[in-house]
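Take a first walk through this protein. Start with the overall picture, then move in to single residues.

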Amino acid sequence: MRKLTVLCTFAVLFSITYWSNGAPVTDCDILAAAPADSHRQTSGISLDQIDVNRAVPACEAAVRRYPNDAHFRFQLSRAYYEAKNFQAAVDQLRKAAEQGHALAQYNLGVMYEYGKGVSEDYGEALIWYRKAAEQGDEMAKNKLDRLTSIDPDTTTKSFGRAPKQYFQS
């Protein structure tokens, strides 16, 4: 029985460490995790429920402690966004997106599409939506379908380049 208990404890600890990339659940996870984030370690909360006075410092501390963990950067971006610090949100989204975090890639696309914290740039939005869609992100796939179904003449005027230029393998 003792061996079974030890084995089960090891299995649980190993799975938590493996799943979380070595980082334990932090206050950042509790205060800023997105319900849609497959990397979250808690149930997550909606963006409008984030307490920025608590989440920003908690997530900044988590990023300092685990600088290579994309999910903490993504959660920090959510806290910054809710605090209306869009430039800082974009900076963290970019870092998480470059690490391959699909939801960060999608949200970075949104920031470019709507000009939040960056200049509006539909071409850049399409690039990030495509990266997220290639990882299976359904919201990104829907955005791509919507943005690429626009009339090519209108699309070229709006995006600066026709979308098909971004979708060549």
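The paragraphs below go from the whole fold to helix pairs, a disulfide and a few single residues.

This is a predicted model. The protein has nine helices and zero strands. Read along the sequence, the pattern is therefore a run of helices, α-α-α-α-α-α-α-α-α. The protein holds 169 residues, and buried ones make up 41% of them. Now look at the contacts between residues at least 6 apart in sequence. Of these, 50% join residues at least 24 apart.

Begin with a pair of helices. Two packed helices are described by the angle between their axes and the distance between the axes. Helix α4 covers residues 70-82, and helix α5 covers residues 86-98. Their axes come within 8 Å and cross at roughly 165 degrees. An angle over 145 degrees counts as roughly antiparallel, so α4 is roughly antiparallel to α5. The crossing of these two helices, α4 and α5, is left-handed.

Which residues of α4 and α5 meet? From α4 come Ala70, Arg73, Phe74, Leu76, Ser77, Tyr80 and Tyr81. From α5 come Phe86, Ala88, Ala89, Gln92, Leu93, Lys95 and Ala96. By class, the residues of this contact divide into 10 nonpolar, two polar and two charged.

Two residues of α4 deserve a closer look. The first to visit is Phe74, found in helix α4. Is Phe74 buried or exposed? Its relative accessibility is 2%, so Phe74 counts as buried. Leave out residues up to four places away in sequence, and Phe74 touches Ala34, Asp37, Leu93, Ala96, His101, Leu103, Ala104 and Asn107. Leu93 and Ala96 are among the α5 residues in the helix contact described above. Lys95 is another α5 residue in that contact. Phe74 and Lys95 are 21 residues apart along the chain, and their C-alpha atoms are separated by 8.4 Å.

Next comes Ser77, also found in helix α4. Ser77 has 3% relative accessibility, so this residue counts as buried too. Set aside its neighbours within four places in sequence. Ser77 is then in contact with Ala89, Gln92 and Leu93. These three residues belong to the α5 side of the helix contact.

Now step into the loop between α4 and α5, where Lys84 has its place. Most residues other than glycine have a negative phi. Lys84 is not a glycine, yet its phi is positive, at about 70 degrees. Is Lys84 buried or exposed? Lys84 is exposed, with a relative accessible area of 55%.

Move along the chain to another helix pair. Helix α6 covers residues 102-114, and helix α7 covers residues 122-134. The two helices pack at an angle of about 165 degrees, with their axes 8 Å apart. α6 and α7 are therefore roughly antiparallel to each other. The crossing of α6 with α7 is left-handed.

On the α6 side, the contact is made by Ala102, Gln105, Tyr106, Leu108, Gly109, Val110, Tyr112 and Glu113. On the α7 side, the residues are Tyr122, Glu124, Ala125, Trp128, Tyr129, Lys131 and Ala132. This contact of α6 with α7 has 10 nonpolar, two polar and three charged residues.

Go back now to an earlier part of the chain for a covalent link. A disulfide is a covalent bond between the sulfur atoms of two cysteines. How many disulfides does a search of the whole structure find? The search finds one. The disulfide joins Cys28 to Cys59, with an S to S distance of 2.1 Å. The link is right-handed, with 95 degrees about the S-S bond. Cys28 lies in helix α2 (residues 27-32) and Cys59 in helix α3 (residues 52-65), so the pair ties together parts that are 31 residues apart in sequence. Both Cys28 and Cys59 are buried.

One last stop is Val25, in the loop between α1 (2-19) and α2. Val25 is partly exposed, with a relative accessible area of 47%. Not counting residues up to four places away in sequence, Val25 touches Ile30, Gln41 and Thr42. Val25 and Ala62 are 37 residues apart along the chain, and 9.8 Å separates their C-alpha atoms.

Conventions. Residues numbered from 1 in each chain as written. Predicted model: local features only at pLDDT ≥ 70, side-chain atom pairs only at ≥ 80, totals over all residues. Heavy atoms only, no water. Axes fitted to C-alpha atoms, helices over the stretch in contact; angles between N-to-C directions. Helix = DSSP H or I, 4+ residues; strand = E, 2+ residues; numbered from the N terminus. Parallel < 35°, antiparallel > 145°, perpendicular 65-115°, else oblique. Left-handed = near helix turned anticlockwise from the far one by under 90°. Contact = heavy atoms within 4.5 Å. Nonpolar A, V, L, I, M, F, W, Y, C, P; charged D, E, K, R; others polar. Disulfide = S-S within 2.5 Å. Buried < 20%, exposed > 50% of the residue type's maximum accessible area, 1.4 Å probe, protein only.
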